[in-house]
Amino acid sequence: MNVPRFWARSTADVRNKDGRSLELAAWGWSSNDRSEAEAKARERLARLRSRVEHGLELSHGYAYAERPLREEIVEELRAPRGEVVGVVTRNGYGSLVLNADRAMFVDVDLPRASFASRFGAWFGVARHRPEAETLARLKTVLASVSGSSFRIYRTAAGFRVLATDPVFKPGSAEAETLMTQFDADPAFVRLCRAQESFRARLTPKPWRCGCERPAVRFPREHAHDEERFSEWLQRYDKACDAKATCRVVEEVAWRRSTRMWHRS
């Protein structure tokens with residue numbers, strides 16, 4: 001899995017071709033040590049500086065799925081032989097996320113009803129049923145994968161599918177074909193490939209349980225940042241006490257060449 005433990009930032013003031021001063025910042029990362037992360041940050045900053053000095057445009061926003069996500073590692077999950085098979089991280093807005101090297105998770109959002117379907121519902125015309133239609137489509141896709149077992153969960157935005165058997169490799173043709181058939185977010189597919197892991201959020205988004213986002217992001221470089229984050233974490237954990245991220249809806253398993261659906 002490509003989930004770096006060490007992060008470092010490098011900054012510099014540089015003038016562009018028009019003489020305007022810009023403050024540049026670049027993050028570097030490493031799974032080995034901080035010095036390697038610092039070296040990578042300086043290398044990436046040098047490339048940014050070169051682009052500015054040559055009058056080239058800089059990318060705006062976070063290059064989602066083009067580099068690892070800057071997330072704090074909270075826990076490592078190990079197999080009986082000791083190898084790391086999963087990592088729990090805390091994402092940018094504070095939720096815990098499971099990154100798994102073989103257990104495939106796929107989130108599938110419900111489509112928004114069109115104005116025409118909502119308008120028709122007001123006058124008794126056949127109602128748009130995105131939840132039922134999406135679930136039926138997921139079942140059809142899963143039914144085509146013989147010799148397998150899947151579990152379907154309901155989330156706030158739609159459904160989550162977990163492959164319980166067999167395991168899939170992130171970035172493999174088999175995994176990405178299945179994710180595409182689910183209509184998974186293409187950015188999510190690219191991220192799984194870049195991080196060499198599948199992702200599933202374990203705790204609610206802060207605003208869904210009445211809590212604000214953390215004021216500071218990882219890595220927290222100063223003692224007062226750690227204090228502010230610790231205070232936020234206490235509020236967030238308390239707000240999550242009575243909340244769930246998803247619930248089991250159905251399970252599909254193939255046994256002795258017979259497809260069997262199980263409903264919870």
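## A tour from the core outwards

Begin by selecting Met104, Phe150, Leu178, Met179 and Phe182, the residues with the most contacts inside the largest nonpolar core, which has 25 residues. Such a core is a set of buried Ala, Val, Leu, Ile, Met, Phe, Trp, Tyr and Cys residues joined through side-chain atoms within 4.5 Å, where buried means under 20% relative accessible area, exposed over 50% and partly exposed in between, with a 1.4 Å probe and protein chains only. Two or more residues each come from E6, helix H3 (130-143), strand E7 (149-155), strand E8 (158-165), H4, H5 and strand E10 (246-255), and H3 gives the largest share, 4 residues. These labels are DSSP runs numbered from the N terminus, with helices (H or I) of at least four residues and strands (E) of at least two.

The model is predicted, so that local features need pLDDT of at least 70 and side-chain atom pairs count only at pLDDT 80 or more, while totals for chains, interfaces and linings use all residues. Residues are numbered from 1 along each chain as its sequence is written, and side-chain values use heavy atoms, with hydrogens and water left out.

**Phe182 and Phe105**

Centre next on Phe182, which, leaving aside its neighbours within four places in sequence, is in contact (heavy atoms within 4.5 Å) with Val106, Val108, Arg137, Leu138, Val141, Leu142 and Val161. Then move to Phe105, found in strand E6, which counts as buried because its relative accessibility is 11%. With the same exclusion of neighbours within four places, its contacts are Leu98, Arg160, Val161, Leu162, Phe188, Phe198, Arg199 and Ala200. A distance label between the C-alpha atoms of Phe105 and Ile152, which are 47 residues apart along the chain, should read 9.9 Å.

**Helices H4 and H5**

Select helix H4 (173-181) and colour its buried residues, Ala175, Glu176, Leu178 and Met179. They lie on the same side of H4 because they cover an arc of only 160 degrees around the axis, the arc being that of the directions from the helix axis to the C-beta atoms. The buried residues pack against E6, H3, E7, H5 and E9, whereas the face turned away from them carries the exposed residues Ala173, Glu174 and Thr180. Just after H4, Asp183 takes a positive phi of about 65 degrees.

Continue to helix H5 (residues 186-195), in which Ala187, Phe188, Val189, Leu191, Cys192 and Gln195 are buried; the buried residues of H5 pack against strand E5 (96-100), strand E6 (105-109), H4 and E9. At its N-terminal end, Asp185 acts as a cap, with a side-chain oxygen 3.0 Å from the backbone nitrogen of Ala187. Just after H5, Glu196 takes a positive phi of about 55 degrees.

**The strands**

Now show the open sheet of 4 strands, whose order is E3-E4-E5-E9 and whose pairing is antiparallel; two strands pair if DSSP finds at least two bridges between them. Its edge strands, E3 (72-78) and E9 (198-201), each pair on one side only. Within this sheet, E3 and strand E4 (residues 84-90) pair over 6 bridges, and Ile73 stands opposite Thr89 in E4.

Finish at strand E1 (residues 6-15) and strand E2 (residues 21-30), which pair in the antiparallel sense over 10 bridges. Ala8 stands opposite Gly28 in E2, and in the hairpin, which has 5 residues between the strands, Gly19 takes a positive phi near 85 degrees.

Terms used. Polar contact = N/O pair within 3.5 Å; in protein donor to acceptor, adjacent residues only side chain to side chain.
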